[in-house]
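Work through the exercises below with the model open. Each task is followed by a solution in steps.

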Amino acid sequence: MRSHDIRRQEEATEASWEAVRGAVRGGTKWGAAAALLGGMGYMFSPIYRGLTIQFKVYIQMSGMVLGGMLEADARLREYEASMRMRRRLMRDQAMWKSFEEQYGKDDEED
């Protein structure tokens, strides 16, 4: 039973690192987009130019946090799907192995 706990802990650690990688990538990507939009807003909008620096920083950080959350969630869902597929393959391989042990391999060749 101890090995089962260790395997689950390793999977949880892997999943958390995958989410961290997704958050960094999403924050960077969405932060760059927010900075580009901020620059365009500064160039073309007198309303944006009139905002305080604190509010501009808040808008920038909001984009980065939103992007980080979305990308982390997407990466975590992809990781979960790959783990489900991996477990399904392991389960099927174990089933076929027990089937072959019980009934023997099919030695017929066409």
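**Exercise 1.** Describe the backbone over residues 30–51.

Solution. Over residues 30–51 the chain is 86% helix and 0% strand. The C-alpha atoms at the two ends are 21 Å apart. This is a predicted model, so these values describe a prediction. In an unreviewed entry, UniProt lists residues 30–51 as "transmembrane region".

**Exercise 2.** Classify the aromatic pair of Phe99 and Tyr103, and place both residues in their helix.

Solution. Step 1: the ring centres of Phe99 and Tyr103 are 5.0 Å apart, and a pair requires centres within 6.5 Å.
Step 2: the angle between the planes is 50°. Stacked needs under 30 degrees and edge-to-face over 60, so the rest count as tilted; the Phe99 and Tyr103 pair is tilted.
Step 3: the two residues are 4 apart in helix 3 (residues 53–103), and are therefore separated by about one helical turn.
Step 4: Phe99 has 39% relative accessibility and counts as partly exposed, whereas Tyr103, at 58%, counts as exposed.
Step 5: Trp96 joins Phe99 and Tyr103 in one aromatic cluster. The structure holds 3 aromatic pairs.

**Exercise 3.** Which elements give two or more residues to the lining of the largest pocket, and how do the lining residues divide by character?

Solution. Step 1: the volume of the largest pocket is about 210 Å³.
Step 2: its lining has 10 residues, with Arg7, Glu11, Met83, Arg87 and Met90 nearest the centre.
Step 3: helix 1 (2–44) and helix 3 each give two or more residues. Helix 1 gives the most, with 6 residues.
Step 4: the lining divides into 7 charged, 2 nonpolar and 1 polar.

Methods:
Residues numbered from 1 in each chain as written. Predicted model: local features only at pLDDT ≥ 70, side-chain atom pairs only at ≥ 80, totals over all residues. Heavy atoms only, no water. Phe/Tyr/Trp six-rings, centres within 6.5 Å; stacked < 30°, edge-to-face > 60°. Buried < 20%, exposed > 50% of the residue type's maximum accessible area, 1.4 Å probe, protein only. UniProt positions renumbered as here; feature names shortened; annotations may be inferred. 1 Å grid on protein atoms, 1.4 Å probe; cavity = no way out; pocket = protein on both sides within 12 Å on 5 of 7 lines; lining within 4 Å. Points joined across faces, edges and corners; volume = space filled by probe spheres on them. Nonpolar A, V, L, I, M, F, W, Y, C, P; charged D, E, K, R; others polar.
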